[in-house]
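Colleague: I would like to learn how to read a fold from its coordinates. Could you walk me through this one, feature by feature?

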Amino acid sequence: NEGLAPVLLNGKMGCIDKDGNVVIDIKYDRVTNFSNGLACVQLNKKLGFIDKENNVVIPIEYTSAVAFYSDYTFVKKENEDELQHREKLKSFSSLFY
């Protein structure tokens, strides 16, 4: 969890630090544990990734996403699969088709 824990309050999720301070706004429908400095979040049925400072790293616009492996994740938007790199959105759309 990298020092942050997901919390649920009034049907929304965010994260707190070890002292109980809210560090990720409690506004998401879902928040996963942090891994390699990033967490997958869901907002209004769309998925994306945030960092520990609550910055959106991968836009919250995808219909599915998998956890990062090394520096990459697979995401899907509409019917298009993408391989996304964690640094500044290097997208490799339809790489395998």
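Modeller: Gladly! Keep in mind that this is a predicted model. Let's start with a hairpin: β2 and β3 form one, with five residues between them. In its turn, G20 has a positive phi of about 90°.

Colleague: Thanks. How many bridges join β2 to β3, and in which sense do they run?

Modeller: The general idea first: strands of a sheet pair through backbone hydrogen bonds, either parallel or antiparallel. Here β2 and β3 run antiparallel and are joined by three bridges. To find the register, look for I16, which stands opposite V22 in β3.

Colleague: And what pairs with β1?

Modeller: Strand β2, residues 12-16, pairs with β1 over five bridges, in the antiparallel sense. Here V7 is the residue opposite G14 in β2.

Colleague: What is the strand order of the open sheet?

Modeller: The order is β1-β2-β3, an open sheet of three strands with antiparallel pairing. Because β1 (5-9) and β3 (22-28) each have a single partner strand, they stand at the edges, and one side of each is left without a neighbour in the sheet. Ignoring direction, neighbouring strands of this sheet are turned by 25° against each other on average.

Colleague: Now the interior, please. Which residues make up the largest nonpolar core?

Modeller: As a general idea, in soluble globular proteins nonpolar side chains tend to be buried together. In this model the largest nonpolar core has ten residues: L4, M13, C15, I24, Y28, V31, F34, A39, V41 and I50. At least two residues of this core come from each of β2, β3 and β5 (38-43). Another core, of eight residues, lies apart from it and includes C40, L47, Y62 and V75.

Colleague: Let me pick one core member. What is I24 in contact with, leaving aside neighbours within four places in sequence?

Modeller: I24 is in contact with G14, C15, F34, I50, D51, K52 and N54.

Colleague: D51 catches my eye in that list. Does D51 count as buried or exposed?

Modeller: D51 has 15% relative accessibility, and the cut-off for buried is under 20%, so D51 counts as buried. Its place is in strand β6, residues 46-51.

Colleague: What lies around D51, and where is a polar atom of its side chain placed?

Modeller: Not counting residues up to four places away in sequence, D51 touches I24, F34, G37, L38 and V57. A polar atom of the D51 side chain lies 3.0 Å from the backbone nitrogen of E53.

Terms used
Residues are numbered from 1 along each chain as its sequence is written. This is a predicted model: local features need pLDDT of at least 70, side-chain atom pairs count only at pLDDT 80 or more; totals for chains, interfaces and linings use all residues. Side-chain values use heavy atoms; hydrogens and water are left out. Two strands pair if DSSP finds at least two bridges between them. Helices (H or I, at least four residues) and strands (E, at least two) are DSSP runs, numbered from the N terminus. Axes are lines fitted to C-alpha atoms, for helices over the stretch in contact, and angles run from 0 to 180 degrees between N-to-C directions. A nonpolar core is a set of buried Ala, Val, Leu, Ile, Met, Phe, Trp, Tyr and Cys residues joined through side-chain atoms within 4.5 Å. Buried means under 20% relative accessible area, exposed over 50%, partly exposed in between (1.4 Å probe, protein chains only). Contact means heavy atoms within 4.5 Å. A polar contact is a pair of N or O atoms within 3.5 Å; within protein, one must be able to donate a hydrogen and the other to accept it, and residues adjacent in sequence count only if both atoms are side-chain atoms.
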